[in-house]
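Visitor: Could you take me through one helix-to-helix contact up close, and then show me what surrounds it?

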Amino acid sequence: MNTISDEEFERIYGRKPVRRVVRKKKIYWNRIIIALIIFAAVIFGIVQLIGIVVSKIKGDNTEKTNTTLKNTVSSQAVKDSSSEFEEVVAPKPPAYSDMDFTVCIDAGHGDFDGGTTDASGMRYEKDDNLKIALEVQKYLESFGVNVVMIREDDSFLELGERCEIANNSKADMFVSLHRNSYDGDISGVEVWVNNAEPQYDTKLAENILGKLDEVGISDDRGVQYGYVGNPYINYYVNVDTVMPSCLVELGFITEEIDNKLFDLHLTEYGEAIAEGIVQTAMDIGLVDESGKRLMSEELISPEKPVNRDDSSSSADNLTEPAVTDPSNDVYNTQENEWYG
Ligand SMILES: [Zn+2]
C-alpha cells in the first residue's frame, strides 16, 4: 500500500490529514491477577480433592489388609493396631523352643469368688487373672513348655483342689496369678513366696518380677515372703504345692494406673511371666539352653515345707490356722487385702 506524507496530503487535499488516534489498549492487570488467583484456587481445590479421594481409597485398602492379617496371623504379631505394616507381617519368633518341662498356671478365684474389685465394683479380679493366665499359657506353649491350666474359664476350684491338680500333674513349677487391692494409694507388682524362703521358689519369683520390670510396671514391690501383713503364715498355694511356686500380684486393681498398665501390656506381661518361668528352668538346671531336660524326675522345691498328705494340716505352719483352712471363705475373699 502506498502511503503519502503529511505534507503531500496537505498539498493534495488542502488540509491536514486526520489521524486516527490509535489508543494503546488498556490491559486490566488487576482483573487478570484476580482471574489467575481464582484459577489457582480452583486448581488447588481440585488437587486437594483428588488427594483426599486417593488417601480414602488407600486407607480402606490398608484397613482391609489389616483385618485379613489379623484373622490369619497369630494375635501375638498384632500387638498394636496402629503398628507398622512390616511389624504385622513379620511376627516375632518365640524366644525359646522345645522346652521339655511342665508348668501349672493358676488363675486365682473364679465363678462366685470374684476376688477383689476396682472402685466401681464392675471389674473383678477373677477376670483379669484369667486373661493374664491365658496369655502366659499361650507364650509357654509357643516355647514348647507343657502347660497345665487350673482353669481356662470362669469356674471355681478350692485351693486344695488347685494344689492337688498341680501335684498330680507332676508339674515342675506352679505360678498363681492374682491382682492386689488396697484402700489407699499403693500401686505396683509383688510376688509372694513361702516364708521358708526356698531357693528355687525365690529364683522363680525374682525372674518373673525382673521380666515384668523390663516391660514396665508402676512400682516394683519386690519378692515377699509369707502372707500379706503376716510373715509367719503363707498363701495356701505356696504351702501345699510340692514344686517351686509363687503367687504373682500383678498390680492393684484398686489403682487406675495399674489397671491401665494391665490392659495396655496384657500380652507383654504374659510373655514376660512365661520368659521368667523358662529362665528359671534354665537357671536351676531343669533344662539346658536348647530346652533339653536335665532332670529325670519332676522338680520339687527341696526347702519348702510341704503338706503332701493332708492339706488341712497346712495349719501347722501358721500362727492363724483359720486363714489357710480351705473351707474358710474368708481366705479366698480377703487373700489380697493389705493389713499392714
Ligand atoms: Zn486374688
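Guide: Let's start right at the contact. From helix 6, the residues Tyr200, Lys203, Leu204, Asn207, Ile208, Lys211, Leu212 and Val215 meet Glu268, Tyr269, Ala272, Ile273, Glu275, Gly276, Ile277, Gln279, Thr280 and Asp283 of helix 8; contact here means heavy atoms within 4.5 Å. Sorted by class, that contact has 9 nonpolar, 4 polar and 5 charged residues (Ala, Val, Leu, Ile, Met, Phe, Trp, Tyr, Cys and Pro count as nonpolar, Asp, Glu, Lys and Arg as charged, and the others, Gly among them, as polar).

Keep in mind that this is a predicted model, where local features need pLDDT of at least 70, side-chain atom pairs count only at pLDDT 80 or more, and totals for chains, interfaces and linings use all residues. Residues are numbered from 1 along each chain as its sequence is written, and side-chain values use heavy atoms, with hydrogens and water left out.

Now the geometry. The axes of helix 6 (residues 199–215) and helix 8 come within 8 Å and cross at roughly 145°. Axes are lines fitted to C-alpha atoms, for helices over the stretch in contact, and angles run from 0 to 180 degrees between N-to-C directions. Helices (H or I, at least four residues) and strands (E, at least two) are DSSP runs, numbered from the N terminus.

Follow helix 8 inwards and you reach the largest nonpolar core, with 47 residues; Phe101, Ile105, Leu140, Leu212 and Ile277 have the most contacts inside it. Helix 8 (residues 266–283) gives the most to this core, 9 residues. Such a core is a set of buried Ala, Val, Leu, Ile, Met, Phe, Trp, Tyr and Cys residues joined through side-chain atoms within 4.5 Å, and buried means under 20% relative accessible area, exposed over 50%, partly exposed in between (1.4 Å probe, protein chains only). Leu140 touches Val103, Ile105, Val145, Val147, Ala274, Ile277 and Val278, leaving aside residues up to four places away in sequence.

Helix 6 has another neighbour, the sheet: helix 6 touches strand 3, strand 4 (189–193), strand 5 and strand 6 (245–252), and its direction makes about 30° with that of strand 6. The sheet itself is open, with 6 strands in the order 2-1-3-6-4-5 and mixed pairing; two strands pair if DSSP finds at least two bridges between them. Strand 2 (146–149) and strand 5 (220–225) stand at the edges with a single partner strand each, so one side of each has no neighbour in the sheet.
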